[in-house]
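Q: I would like a close look at one part of this structure, described residue by residue and then set in the context of the whole chain. Please begin with the residue you consider a good way in, and work outwards from there.

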Amino acid sequence: FGPGKIEISTETEESRPIVVAQMYYPGWEATLDDSIPLEISVMNKAMMTVYAPQGNHTIRMIYNRTDCKIAFIIECLTVLLSLFFVGYKQIKTFSYL
């Protein structure tokens, strides 16, 4: 368990729901044994639930919000462009004695 990452090892004799006491937000993705995508259900309007199939498995849940990453990139580009235009204006108006 860590920021944006949950890893669960399971050993079951039959398929069972796994309830994770973590608030659900759009962007959570779950995989079974690093290859099979799992559907995340919402239980009690808040907690996440995935179904673990029979046998020994590892379930990984990762929080991946691409819209936040895109917003961060746009913000960085805006700051860089602003610095460029401020610096360009100062260089253009600079005069030697």
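A: A suitable way in is D34, which has a relative accessibility of 53% in this predicted model and therefore counts as exposed, the cut-off for that class being over 50%. D34 forms a salt bridge with R60, and the closest N and O atoms of the two are 2.6 Å apart. Because R60 lies in strand β7 while D34 belongs to the loop between β3 and β4, this pair ties together parts of the chain that are 26 residues apart in sequence. R60 itself, at 21% relative accessibility, counts as partly exposed, since the buried class is reserved for values under 20%.

R60 has a further partner in E7, with the closest N and O atoms 3.1 Å apart in that salt bridge. Here too distant parts of the chain are linked, for E7 sits in strand β1 and R60 in strand β7, 53 residues apart. E7 is partly exposed, its relative accessibility being 39%. The structure holds two salt bridges, and through shared partners E7, D34 and R60 are joined into one network.

The loop that carries D34 also contains D33, placed between β3 and β4, the latter spanning residues 36-38. The backbone of D33 deserves attention, in that its phi is near 55°, a positive value in a residue other than glycine. D33 counts as partly exposed, with 35% relative accessibility. A comparable entry can be made for K45, whose phi is near 65° and is likewise positive in a residue other than glycine. K45 lies in the loop between β5 (41-43) and β6, and with a relative accessible area of 83% it is exposed.

The strands that hold the charged network can be followed next. β1 and β7 run antiparallel and are joined by eight bridges; within this pairing, S9 stands opposite T58 of β7. β3 and β7 also run antiparallel, with five bridges between them, and the bridge partner of W28 in β7 is Y63. Strand β7 thus takes part in the pairing with β1 and in the pairing with β3, and it also carries R60, which bonds to D34 from the loop between β3 and β4.

From these strands one can turn to the interior. In soluble globular proteins, nonpolar side chains tend to be buried together. The largest nonpolar core in this model has 14 residues, and those with the most contacts inside it are V50, I59 and M61. At least two residues of this core come from each of β1 (5-12), β2 (16-23), β3 (28-32), β6 (47-52) and β7 (55-63). For V50, when neighbours within four places in sequence are left aside, the contacts are R16, P17, I18, A30, L38, E39, I40, I59 and M61, a list that includes both I59 and M61.

Next to V50 in the sequence is T49, which is found in strand β6. T49 counts as buried, because its relative accessibility is 5% and the limit for that class is under 20%. Not counting residues up to four places away in sequence, T49 touches P17, I18, V19, E39, I40, S41 and M43. Several of these residues, among them P17, I18, E39 and I40, are contacts of V50 and of T49.

The helix offers another kind of surface. L80 is found in helix α1, which covers residues 66-93, and L80 is exposed, with a relative accessible area of 55%. Together with F72, I73, L77, V79 and L83, L80 makes a nonpolar surface patch of about 620 Å².

Seen as a whole, the chain has one helix and seven strands, arranged along the sequence in the pattern β-β-β-β-β-β-β-α. Of its 97 residues, 21% count as buried, and the chain exposes about 7800 Å², of which carbon and sulfur atoms supply 62%. Among contacts between residues at least 6 apart in sequence, 66% join residues at least 24 apart. The salt bridge between D34 and R60, from which this account set out, itself spans 26 residues in sequence.

Notes. Residues numbered from 1 in each chain as written. Predicted model: local features only at pLDDT ≥ 70, side-chain atom pairs only at ≥ 80, totals over all residues. Heavy atoms only, no water. Core = buried A, V, L, I, M, F, W, Y, C linked by side-chain atoms within 4.5 Å. Buried < 20%, exposed > 50% of the residue type's maximum accessible area, 1.4 Å probe, protein only. Helix = DSSP H or I, 4+ residues; strand = E, 2+ residues; numbered from the N terminus. Contact = heavy atoms within 4.5 Å. Patch = residues over 30% accessible without salt bridge, like charges linked within 9 Å, V, L, I, M, F, W, Y side chains within 5 Å. Areas by Shrake-Rupley, 256 points an atom, 1.4 Å probe, with all protein chains shown as cover. Salt bridge = Lys/Arg side-chain N within 4 Å of Asp/Glu carboxyl O. Pairing = 2+ DSSP bridges.
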